[in-house]
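Here is a structure to look at with a newcomer's eye. The turns below ask how each label is earned.

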Amino acid sequence: MGLGLKMKIQEMQMVMQKHHVPVALRMHEQNGSQKRKYTLIQKNRALIPLFLLLWILVMFYFCCNIFNKMDADAKVRRKEGLESQCDQRARMLQDQFSVSVNHVHALAILVSTFHYYRHPSAVDQETFAEYTARTAFERPLLSGVAYAQRVVHSERERFEKQHGWIIKTMEREPSQLRDEYAPVIFAQETLSYLESLDMMSGKEDRENILRARATGKAVLTAPLAFRSHHLGVFTFPVTNLSFLQSHETRKATAGYIGGSFDVESLVENLLGQLAGNQAILVNVYDVTNSSTHLIMYGSQNEKGDMSLVHESNLDFGDPYRNHTMICRYHQKAPTNWMALTTVFLSFVILLLIGYILYGAGIHIVKVEDDYQEMEELKVLAEAADVAKSQFLATVSHEIRTPMNGILGMLGLLLDTELTSTQRDYAQTAQACGKALITLINEVLDRAKIEAGKLELEAVPFDLRSILDDVLSLFSEKSRHKGLELAVFVSDKVPDIVMGDPGRFRQIITNLVGNSVKFTERGHIFVKVHLAESRKPTMNGTCETYQNGETDEVGHISGGCNSKTLSGCEAADERNNWDNFKHLIADEEFLFDGLVKKVASSECYEQVTLMVCVEDTGIGIPFSAQDRIFMPFVQADSSTSRHYGGTGIGLSISKCLVELMGGQINFISRPQVGVHFHLLQTLDVHKIKNDVRADVRSSSSLRSQPCVMKPVELLHEIPLTRLVSAKCNTLKAVVCGDVYSDYSADMFRERIMVFGRGWSFNIWQLDWKKNGHMLKIPQMILLATNISNAEFDRAKAKGFSDTVIMKPLRASMVAACLQQVLGMGKKRQLGKDMPNGSTFLKGLLCGKKMLVVDDNIVNRRVAAGALKKFGADVKCAESGKVALEMLQLPHNFDACFMDIQMPEMDGFEATRRIRMMESKANEQLTNGDEHPHLPILAMTADVIHATYEECLKCGMDGYVSKPFEEENLYQAVAKFF
Amino acid sequence: MDVLQLQRKLREHQAAMLREGFLDDQFSQLQKLQDESSPDFVIEVVKMFFDDSEKLLNNMTRALGQVPVDFKQVDAHVHQYKGSSASVGAARVKNVCATFRNFCETQNLEGCVRCLQQLQNEYSLLKNNLQYLFRLQEQIQAAGGSIPTIE
């Protein structure tokens, strides 16, 4: 039962909860979001304890009622039990008594028969005594019987004579004179002491006798006062006539049979025969005299349960005497434990139910309070988040504005006539500026990393140009420090891969930045190749150096003849020149033709790139190697003093790499250098023709037969790589030894590239000695760190404008080559500066544009800006008007859409336009489709979320408002 | 006045306006958009801006005078105003608009009213300055000089 109840309670709780949730929800919906909402339970929270109290009281009352009812039932049952038992006893007593009386009656008849009708009498004392003794079992109630003869005074003397004794009174004295006497003549042995006593001498006996004679029936005396109250006497008249009329009885009475009965033993016997006599206390009273009850059985003193008494009438056949039997229970009614426990338990259970309900109520209130608190906190947090985003957006915008100025100026500067060096500087400055803007965006995203909200892009990007940019970012610094900074990208690496260029760039920038920071001499070498192609060569030596044990370090640094980029020893010996050559040789197979390569890269689905950044800096001490990727940890606290920096770079790099699904690791030997390598799997982008053309921009260089004459051994490979990457059909010949190579062929070559170690004096001499004024090859000097004096000298020798400062960058080499080969500057501009306004003009010229903005000023400015680039601009002042204008077929090439407009905002308008387009396309069955109209959002917000929203509703991109050339170009370039 | 002097004055005035933040880079951009095909582009746009400003300022005044104030409505006006001021490069007006919008968001009537006054103030200052600028330009053109561009 308890279990069932528990289950019920649980059910109730569940039902309550179920019931409450929807209520709460509904109320939330109704009240809107601003006001604090209360549910029914919450509103009445103060009443909950009150309800509990009320519940307890009601339940207490209820239980009391139940108890009372059960108790009353028990009492009724008890009373009924008493009644029935009492009546039963009384009835039995009566029955027994009447049996006895009948027998006495029979005795009376016997006496009259044998004593009076026989002469002489057949009965004498002995006979009577024997007979009575033998028939005593018939009269269990009577202790004895006696027969007294009626003797009138006149017959007294005769009677006394006949019997030989005088009639005595009860006090055993000779009887005085009376009218008549009733001396006992026969007596049972138990009553033999009564013989000769005159029964009429006692007052009560006399009355009894008289009464018996009058009625002719048996009469009872009151209990005899002597010898305790328990003995009673009854008298039965004995007649000498067989048939008596009632009026004749008196005369015919010849004597009396009397018997004493012992009520106590009588009742005792009787009760003994009955079950349960212990529990009941029986008293028998003679109530003839209603004022004083004479007790016949039971003791008055005995205390029973006085509260419950039953009285049964006893009829002993004597109408003059009334007897009652009063029964009581011996013990007071026992406490009704059963009822009590039942009630108590149910009360406890109800109490518990109440408490559970109360607890549930309190809990609901608490949960809902918490919920509300959470809601409020959530609103606060969201507000804070929005504020933060806005702040970041604002700040980034504020920084962008001056940066745009700088970049714009640089752009203008690049439009002017510049030497290649100046161009390089300006381009570097511009690239750095752009990098700064990117960094600002990265700062914006930093918060996202922390919030775990970083979203990675998956756009096609050119790995090489990114590396190029990174290199240029650090070129100044490395040049200043006299470091060799080089990048090598394996030809196997696809041109365009899918991924997040910004993040990739960030990682590389971090790594290279670190290397530059911690390297004082030697080189920094960034190498990218496919992970598969590297594997065979590193099998042998892989494990040994991973541990980087100290003795081995000593051993290796002893062998100073390291064949690395700068001649300095590197941390990972596998990375030496021989291996590198081996690697290149592997790739030579693929170098045969671009077509083949492109074809092969197109059939890759994914490539795993191994990017290595090697430096010859101070390295990482072993003790710090395991925590180098932890944020804000630098290898040594003294390093931050010495080199500056916060130490967050590597940790962010690691985060990013892992987010992109790659791995980053490093090998380091203190004082020798660090070798970071990261494995990154990227999707290969299916190369579109136009994109490829853009990347392999220097188509003009293709047909030029050029031979590189790298002199410095260690530079040849990067250079050829770079050059061939940029101008892919250039024929590059690598010559290790310059002196051995004075063949006639040489003069057909148009470009020669010299390392710095080359003594150009000799070269010049040799040149003149040959004397053929065929065609002097163009010469390019490679330099890492060149002083002004040296620069002047080089100029004098003919390297005017054609000194390439290391690090070698493809774009720079290409620019230099273009210049050397005398190609038009204009053309170059278009290539190298695709974001110039000239380019934009070409892009937008004659295109039909629709500008949608509700703000007239904005509209006019946007239109003006677009018109400036030659576009044919139409305006619409609302989304609706725009929709009308864009009803198919239309002849617009693109649409610029403001986002925030009254009535129909830009998102909605775009959605409708897209819907319209798809509907129209469905209707067109013959295959040709309406072109997808590029829709660009115009927005002042630069938050990423807005961008996502734009894409979601079918926009193709966005431009920030007010228009900026570069931004516009980037957005538009995708479509035209 | 001779042309050179006028040109110098114009340059100085415009530089001062940039320096004091009345105008920002966007205004220079706007000037760059002006070429032979649209010789009055800047003046045209700025006139539009003036008209727009007066209309919007009136709207704002009316909207703020209502009881109860519909802050959303006010915010929409301010947003419009912010957009147009950003387009012409009226930096100070734009900044006040930004503050204004914050007040709208928090439904701070007092702040809004203060901002409106500030806006009106800024607007009249800007208008005076710009009108002076255009007058100078007109004078230069009348005198046959070319308008110097601000770099």
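A salt bridge is a side-chain nitrogen of Lys or Arg within 4 Å of a carboxyl oxygen of Asp or Glu. The model is predicted: local features need pLDDT of at least 70, side-chain atom pairs count only at pLDDT 80 or more, and totals for chains, interfaces and linings use all residues. Residues are numbered from 1 along each chain as its sequence is written, chains are lettered from A and ligands numbered from 1 in the order in which they are written, and side-chain values use heavy atoms, without hydrogens and water.

Q: Which residues are linked with Glu908(A) in a network of salt bridges?
A: Arg911(A) and Arg912(A) are linked with Glu908(A) in that network.

Q: What makes Glu908(A) and Arg911(A) a salt bridge?
A: Their closest N and O atoms are 3.7 Å apart. The cut-off is 4 Å, so the pair counts. Both residues lie in helix H29 of chain A, three residues apart, about one turn of the helix. Helices here are DSSP runs of H or I with at least four residues, and strands are runs of E with at least two, numbered from the N terminus.

Q: Why is Arg911(A) called partly exposed?
A: Its relative accessibility is 38%. Buried means under 20% relative accessible area, exposed over 50%, and partly exposed in between (1.4 Å probe, protein chains only). Arg911(A) therefore counts as partly exposed. Glu908(A), with 26%, is partly exposed too.

Q: What does the salt bridge between Arg914(A) and Asp956(A) tie together?
A: Arg914(A) lies in helix H29 of chain A, and Asp956(A) in the loop between helix H30 (944-952) and E26 of chain A, so the pair ties together parts that are 42 residues apart in sequence. The closest N and O atoms are 2.8 Å apart. Arg914(A) and Asp956(A) are both buried.

Q: How do you know that strands E24 and E25 of chain A pair?
A: Two strands pair if DSSP finds at least two bridges between them. Four bridges join E24 (residues 894-898) to E25 (residues 935-939), which run parallel. The pair therefore meets the rule. Asp898(A) stands opposite Met938(A) in E25(A).

Q: Why is one side of strand E23 of chain A left without a neighbour in the sheet?
A: The open sheet has the order E23-E22-E24-E25-E26 (chain A). E23 (872-876) stands at an edge with a single partner strand, so one side has no neighbour in the sheet. The same holds for E26 (957-960) of chain A.
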